[in-house]
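Colleague: Could you take a close look at the pockets for me? Please go on from there to whatever else lies around them.

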Amino acid sequence: MENRYWLMNARLESGYQTSGNVITGTVTEAAHLLIENGNIAKIIPADQPITDQLPQKDAGFRLVLPSFVEKHCHLDKTLLGGRWRAVTPVGSIFERLDEEKGFDSVRSLPISESAANYLEAALKSGVTHIRTHVDIFPEAGLSHLEEVQHALRKFEGKLSHEIVAFPQQGLLRSGSEKLVREAVRKGASLVGGVDPATVDGDLEKSLQTMVAIAAEENAGIDLHLHDPDRLGIFTIKRLAELTVEAGLQGRVAVSHAFSLGDVSAAQAAEMAGLLADAGITIITSVPMGRKFPPVQLLHNHGVSVAVGCDNVYDIWSPFGNGDILERAGRLAEISHWVDERQLGQTLGYITDGITPLDQAGLRAWPQVGDEASLVLVEASCSAEAVARRAARAATLFQGKIVAGSLD
């Protein structure tokens, strides 16, 4: 596609329709967007004539939203595109880890192919940035990292990405410290970890090792933390302390963090203040049948919160399709967010906080100068898109159509 063109007849949100103090709907208006070198260079009303000779692409009056961010997935675990396989029952996480450790030899598709299938599905769903965890352990070496990087190279120019060097078998338990360091030096930008107390068996040493690698290798951190209640809360508190000591504020995330959903609202609010001060992000996959972090409470206390799909058809789960908008809809449904503003603001958990309207109902996006990474949806507003999991017509990354079409 050309470096400069007009995206015509794009429907943008401009405010809320109200009756008294009650929001009754979302107001939209049609606009033309000038796309220049991957950014939005100009926004004009759709009834204003275009007098230049630049190419024009018609959005067909579809709603235009900021493209989505997949904040937690496992490209090397997915089996998408391979033959059907249900999950084998196990008695503990350690039995699952043993199964996974020897699974590569019986995969029906190479990791790079299944990963590419996931990336294609993500693009179609509106995702243009993805954070993937990649298993690092002695039996596999860096082979999973290399396979995932091979898949990602095929999508260069279609999406951006970041990789977490993830010691699924336990950073200490599997003796993977040197491998994780090497993975960071070969392209991973974050250090992972999993249940420092339960899996590694030494909470303090596990956290200290993880933080040391991150600080010394100039990387971020994304910790899988499933441990519940007081154990999980203690782990988060200690990680927050180490984060500040190491100067890693704003570069650390805790995924799952179920313990934040196990404690009282007062305790969760206290933890929210700690997390906000340390600049720690909480990432949830919005599990069903399990308490998860109180997203709204955390957000209201200034904590960055994001949603990810996590496992999508792998040996841990037979479910999932990689559609992050579906996951946002699940968050709203479980949280009982049903009004226009709540539903529309839910979008921010899959867009790095970007929503078309701010809390006051003023247009926050798009603005001139914003990156032209967009998704065109068959919906009247963000609220409908989230609640109804609206169909996506096209995904644009830095002005380029990377999925769907504008026909």
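Modeller: Let me begin with residue classes: Ala, Val, Leu, Ile, Met, Phe, Trp, Tyr, Cys and Pro count as nonpolar, Asp, Glu, Lys and Arg as charged, and the others, Gly among them, as polar. This is a predicted model, so local features need pLDDT of at least 70 and side-chain atom pairs pLDDT 80 or more, while totals for chains, interfaces and linings use all residues. Residues are numbered from 1 along each chain as its sequence is written, and side-chain values use heavy atoms, without hydrogens or water.

Start with the largest pocket. A pocket is an open set of points on a 1 Å grid over the protein atoms alone, where a 1.4 Å probe fits and protein lies on both sides within 12 Å along at least five of seven lines; lining residues have an atom within 4 Å of a point. The largest pocket holds about 730 Å³ of space. Volume is the space filled by probe spheres set on the points, which are joined across faces, edges and corners. Its lining has 27 residues. Nearest the centre of the largest pocket are Ser-285, Pro-287, Asp-310, Asn-311 and Ser-317. Sort the lining by class, and you get 8 nonpolar, 11 polar and 8 charged residues. Helix 10 (residues 324-335) gives the most to this lining, with 5 residues. Helices (H or I, at least four residues) and strands (E, at least two) are DSSP runs, numbered from the N terminus.

Now the second largest pocket. Its volume is about 530 Å³. It is lined by 33 residues, and Ser-304, Val-305, Gly-348, Asp-352 and Gly-353 are the closest to its centre. Several elements each supply at least two residues of this lining, including strand 6 (68-73), strand 11 (252-256) and strand 12 (280-284). Helix 9 (295-300), strand 13 (305-307) and helix 11 are also among them. Helix 11 gives the most to the second largest pocket, with 4 residues. By class, this lining divides into 12 nonpolar, 15 polar and 6 charged residues.

Next come the closed spaces. In a cavity the probe fits but cannot get out. There are 2 cavities of 30 Å³ or more. The largest cavity holds about 80 Å³. Among its lining residues are Asp-76, Lys-77, Glu-100, Phe-103, Asp-104 and Arg-107. Charge stands out here: the lining has 7 charged residues, beside 2 nonpolar and 1 polar.

The second largest cavity has about 60 Å³ of space. Its lining includes Glu-13, Tyr-16, Thr-26, Glu-340, Gly-344, Gln-345 and Cys-381. Strand 1 (4-19), helix 11 (340-346) and helix 12 (382-388) each give two or more residues to that lining. Helix 11 has the largest share, 3 residues. So helix 11 leads here and in the lining of the second largest pocket. By class, the second largest cavity has 5 nonpolar, 5 polar and 2 charged residues in its lining.

Cys-381 leads us to the cysteines. Cys-381 is buried at 6% relative accessible area, and Cys-73 is buried at 0%. Buried means under 20%, exposed over 50%, and partly exposed in between (1.4 Å probe, protein chains only). The structure has 0 disulfides (pairs of cysteine sulfur atoms within 2.5 Å). Why does Cys-73 form no bond with Cys-309? Their sulfurs are 7.9 Å apart, which is too far, although Cys-309 has the closest cysteine sulfur to that of Cys-73.

Last, the charged pairs. The whole structure has 22 salt bridges (a side-chain nitrogen of Lys or Arg within 4 Å of a carboxyl oxygen of Asp or Glu). Asp-352, close to the centre of the second largest pocket, belongs to a salt-bridge network with Lys-71, Arg-131, Glu-162 and Asp-222.

Arg-62 pairs with Glu-378, with the closest N and O atoms 2.8 Å apart. Arg-62 sits in the loop between strand 4 (56-58) and strand 5 (63-66), and Glu-378 in the loop between strand 14 (374-377) and helix 12, so the bridge ties together parts 316 residues apart in sequence. Arg-62 is buried at 16%, whereas Glu-378 is partly exposed at 43%.

Arg-96 and Glu-99 also meet in a salt bridge, at 2.6 Å from N to O. Both lie in helix 1 (residues 93-101), 3 residues apart, about one turn of the helix. Arg-96 is buried at 8%, and Glu-99 is buried at 19%.

Lys-101 bridges to Glu-139, with N and O 3.9 Å apart. Lys-101 lies in helix 1 and Glu-139 in the loop between strand 7 (127-135) and helix 3 (143-154), so this pair ties together parts 38 residues apart in sequence. Lys-101 is partly exposed at 31%, while Glu-139 is exposed at 53%.
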